[in-house]
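User: Hi! Could you walk me through this one with me? I'd like to start with a single side chain and work outwards.

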Amino acid sequence: MRQESLFENEAAPAEKEDALMLRPLADRMRPETLQEYAGQSHLIYPGSLLWKMIENDSIPSMIFWGPPGVGKTTLASIIAKQTNSWFVTFSGAASSIKEIKELMKEAEERRKAGQRTLVFVDEIHRFNKAQQDAFLPYVEKGSIVLIGATTENPSFEVNSALLSRCKTFVLKPLQDEDIEKLLRQALNSPKGFGTRKVFISDAVLHNIALFAHGDGRLALNTLEMIVSSSPDDLDGVHVDEDTVKQVLGQRTLLYDKKGDRHFDMISALHKSMRNSDVQACIYWLARMLEGGEDPLYIARRMVRMASEDIGMADSRALEITVAAYQACMYLGMPECSVHLTHAITYLALAPKSNALETAYFAARDAARETMEEPVPLHLCNAPTKLMKDLGYSHGYEYSHDYEMHMTDMECLPKRLLKSKFYQPSNFGSEAKVQKRMEAIDQTKAVIRKNKNKHEKN
């Protein structure tokens, strides 16, 4: 559906106060300037690229990518108020190709008349290929400036041709401190609860911030629900613990995703997996997810577990954990809980080996002690005659030119010859890896023996 402005209510100068207060708190509290904008300090600060582009009204086509409630639509709202362009919005869930083509025709007429059209597309990931293609030629010739907002990875959900013509800005979940600041602004602002006295503790505001999990809109909606459900007398609104518990549930009060319990539980999950305890793994996973932990944090830790504790014993573990991470990005909670369960169960059942971690640490220690060692000349490229004359690449043996596609050529610095960093275990697929390494050593020994015999003759 097309409309001339997604922010018409906010732009109406004569809007009555009672009509304002009928709107949801999150909508009433939407920032109107860059100075009021909360969060995204990696993108929005005085002098940043995005800040200057908005202030100077030099907006290119852009994609705002981030989870719900982090300020994507708010940025579009701020741009709408500061741009000199004709501003039109679309909803990716309801717009037809016919509507898009009508808009493009109007935008082209405005371009010929010297006026730019700025198009905001909410949920652009919901547009199909044909809908997205309808924008492409007009973006290319400058008839429109496109701003798309998406919760999905634009690499997969936005046509590559369109994506290549847009600057992508990644918006992150809001920090708990940012959300607490939003909540306090809502309590003090006339647009929020500033005309009423609300008695609410800092601890409750902190728990709302934890509950919101980086989503500013959810935090404000939660605050509104708590305040509207609390006893109201002549002194003001008194937020009580029972109301908070009913709205938030017990989980936020029992799990601090930045405190000791957070680290204790990920430790419990990791050690249960290492000990092949499937039941404990699923339990600790559920404890973390139900407590509000970021599923992507758990997924990242699982990716590490796959190589740290399993490695070559079952290389599929890495594939499955990476796939689980991607599933979490696509779906989010609560849907991705089953994918994390799939991944942690696979890790728990897989054969275990820490040989790769041990190998890296051993190589790291050796590297730190031998940082001054030069690369052997026969392993260096020789792109110039001078380098060839100095011996670069001399003696290099191209493996594919030899019968077994390998030679006995040494590839370590002299001080580290015969070093053994990786020592495979006998578990799972790593037993096959061990046999393969032994076969390689035997083949090189034969090659070396034949070479010595040939040199003697």
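User: Is Y330 buried, partly exposed or exposed, and what is its relative accessibility?
Analyst: Happy to help! In this predicted model, Y330 has a relative accessibility of 32%. Buried means under 20% and exposed over 50%, so Y330 counts as partly exposed.

User: And F156, buried or exposed?
Analyst: F156 is exposed, with a relative accessible area of 51%.

User: How many aromatic pairs does a search of the whole structure find?
Analyst: The search turns up five. One of them joins F156 and Y330: the ring centres are 5.7 Å apart and the planes are at 85 degrees, so this pair is edge-to-face.

User: Why does the pair tie together parts that are apart in sequence?
Analyst: F156 belongs to helix α8 (residues 154-157), while Y330 is in helix α18 (residues 316-331), so the pair links parts 174 residues apart in sequence.

User: Nice. Switching to cations: which ring does the charged end of K197 sit over?
Analyst: That would be the ring of F199, with the charged end of K197 at 5.6 Å from its centre. K167 lies over the face of F169, and there the distance to the ring centre is 5.7 Å.

User: On to packing. Which residues touch the most other members in the largest nonpolar core?
Analyst: That core has 29 residues, and the ones touching the most other members are L183, V198, I200, I208 and L223. At least two residues each come from α3 (25-28), α10 (176-188), α11 (202-212), α12 (216-229) and α13 (241-248). Of the contributors, α11 gives the most, with six residues.

User: What is L223 in contact with, leaving aside neighbours within four places in sequence?
Analyst: Its contacts are L25, L183, A186, L187, F193, I200, L205 and I208.

User: What does the second core include?
Analyst: This one is separate and has 27 residues, among them M265, A299, M302 and C328.

User: Zooming out, what radius of gyration does the chain have?
Analyst: The chain has 30 Å, whereas a compact globule of 457 residues would be near 23 Å. Along the principal axes, the C-alpha atoms fill a box of roughly 105 × 60 × 40 Å.

User: How many helices and strands are in the chain?
Analyst: You'll find 22 helices and nine strands.

User: Last bits: what share of the residues is buried, and how much area does the chain expose?
Analyst: Buried residues make up 44% of the 457. The chain exposes about 25000 Å², with carbon and sulfur atoms supplying 54% of that. As for contacts with a separation of 6 or more, 73% are between residues 24 or more positions apart.

Note on methods. Residues numbered from 1 in each chain as written. Predicted model: local features only at pLDDT ≥ 70, side-chain atom pairs only at ≥ 80, totals over all residues. Heavy atoms only, no water. Phe/Tyr/Trp six-rings, centres within 6.5 Å; stacked < 30°, edge-to-face > 60°. Helix = DSSP H or I, 4+ residues; strand = E, 2+ residues; numbered from the N terminus. Buried < 20%, exposed > 50% of the residue type's maximum accessible area, 1.4 Å probe, protein only. Lys NZ or Arg CZ within 6 Å of the ring centre and 35° of its normal. Core = buried A, V, L, I, M, F, W, Y, C linked by side-chain atoms within 4.5 Å. Contact = heavy atoms within 4.5 Å. Rg over C-alpha atoms; globule rule 2.2 N^0.38 Å. Areas by Shrake-Rupley, 256 points an atom, 1.4 Å probe, with all protein chains shown as cover.
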